[in-house]
Each structure stands twice: as C-alpha cells, then as structure tokens.
Amino acid sequence: MKRIVLACSAGMSTSLVVTKMEKEADARGLEFQIYAIPENNLRDELEAYGRDIQVVLLGPQVRFKLAENKKLTDEHNIPIDVIDMMAYGTLNGAKVLDQALSLIK
C-alpha cells in the first residue's frame, strides 16, 4: 500500500487534515494510506515502512525541522515538504493532497 505520511507535533489538527485528504483521495479514486504521526517518530516510520512511503509532509508547526528530516527522507529517496500553511489552517484536504501528489516522482 502506498503511504502519505503527515508528521506533526501533536496530531489533533493534522488528523483533521488527514480525514479531508482521505475523502478527497477516495473521490478521485486514488488508493493511499494517509496518516499522521508525531514528527519525532519519523525515523522509526521510515525504517519500518520506507519502501512504501511516497511522500512526507511536515505540519507547519514543525517547519523548522525540515532540514533535519530531509536528511532522513533523502536516505530513503522520499520527498518531503512543509504543508502549505493556508491549506493546513483551512483544512483544505484537496490542496494538501495536490501538494503531496506534486512531490511524488
């Protein structure tokens, strides 16, 4: 199963974004497992599921950790970016899904 991982600090707002993204992916007929994890668990997630992860998106609240986490994702050839702050704040699942899809090679 192809995975889209959203890494954030706590997960409450991000879980709402995940729900919106899942609905949008279903509407488009796309099959992804989309889920949120605490950013500090990203290393373990990459170790466990790296070959299935298509993209990692960081919540805006942990944007300052992009460079650090890019080193981890680069080891697995997985693209990473920070979720667009406006899309995140408005829970725009379609826009966040589009952002994720644009990063997948």
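Is Asp-84 buried, partly exposed or exposed, and what is its relative accessible area? I looked this up before anything else, bearing in mind that the model is predicted, and found Asp-84 partly exposed, with a relative accessible area of 29%.

**Entry 1: the salt bridge of Asp-84**

I then followed the side chain of Asp-84 to its partner and found that it meets Lys-95 in a salt bridge, at 3.9 Å from N to O. I noted that this pair links distant parts of the chain, since Asp-84 sits in the loop between strand 4 and helix 4 and Lys-95 in helix 5, eleven residues apart. Lys-95 I recorded as partly exposed, with a relative accessible area of 41%.

**Entry 2: the other salt bridges**

For the structure as a whole I count five salt bridges. In one of them the side chains of Asp-98 and Arg-28 come together at 2.6 Å, N to O; because Asp-98 belongs to helix 5 and Arg-28 to helix 1, the pair ties together parts that are 70 residues apart in sequence. I entered Asp-98 as partly exposed at 38% relative accessibility, and Arg-28 as partly exposed too, with a relative accessible area of 33%. Looking for shared partners, I found that salt bridges join Glu-24, Arg-28 and Asp-98 into one network.

I also looked at Lys-65, which forms a salt bridge with Glu-39, the closest N and O atoms lying 3.3 Å apart. Here Lys-65 is in the loop between strand 3 and helix 3 and Glu-39 in the loop between strand 2 and helix 2, so that the pair links distant parts of the chain, 26 residues apart. Lys-65 counts as partly exposed at 23% relative accessibility, whereas Glu-39 is buried, with a relative accessible area of 9%.

**Entry 3: Asn-69**

Glu-39 led me on to Asn-69, which touches Glu-39, Leu-42, Leu-58 and Ile-80 when residues up to four places away in sequence are not counted. I placed Asn-69 in helix 3 and noted that Asn-69 is buried, its relative accessible area being 1%.

**Entry 4: the two sides of helix 2**

In helix 2 (residues 42-49) I listed Leu-42, Glu-45 and Leu-46 as the buried residues. They lie on the same side of helix 2 because they cover an arc of only 100 degrees around the axis. I set this beside the general rule that an α-helix has 3.6 residues a turn, so residues three or four places apart point the same way. On the face turned away from the buried side I found the exposed residues Asp-44, Glu-47 and Ala-48. The buried residues of helix 2 pack against several elements, namely strand 1 (3-8), strand 2 (33-38), strand 3 (53-58), helix 3 (66-75) and strand 4 (80-82).

**Entry 5: the nonpolar cores**

Which residues of the largest nonpolar core touch the most other members? Of its 16 residues, these are Ile-4, Leu-6, Met-21, Ile-34 and Val-96. I noted strand 1, helix 1 (12-28), strand 3, helix 4 (85-89) and helix 5 (93-103) as the elements that give two or more residues to this core, with helix 1 giving the most, four residues.

I then took Leu-6 by itself and, leaving aside its neighbours within four places in sequence, found it in contact with residues including Val-17, Met-21, Ile-34, Leu-57 and Ile-83. I closed the entry with a second, separate core of 14 residues, among them Ala-7, Tyr-35, Leu-46 and Ile-80.

Notes. Residues are numbered from 1 along each chain as its sequence is written. This is a predicted model: local features need pLDDT of at least 70, side-chain atom pairs count only at pLDDT 80 or more; totals for chains, interfaces and linings use all residues. Side-chain values use heavy atoms; hydrogens and water are left out. Buried means under 20% relative accessible area, exposed over 50%, partly exposed in between (1.4 Å probe, protein chains only). The arc is that of the directions from the helix axis to the C-beta atoms. Contact means heavy atoms within 4.5 Å. A nonpolar core is a set of buried Ala, Val, Leu, Ile, Met, Phe, Trp, Tyr and Cys residues joined through side-chain atoms within 4.5 Å. A salt bridge is a side-chain nitrogen of Lys or Arg within 4 Å of a carboxyl oxygen of Asp or Glu.
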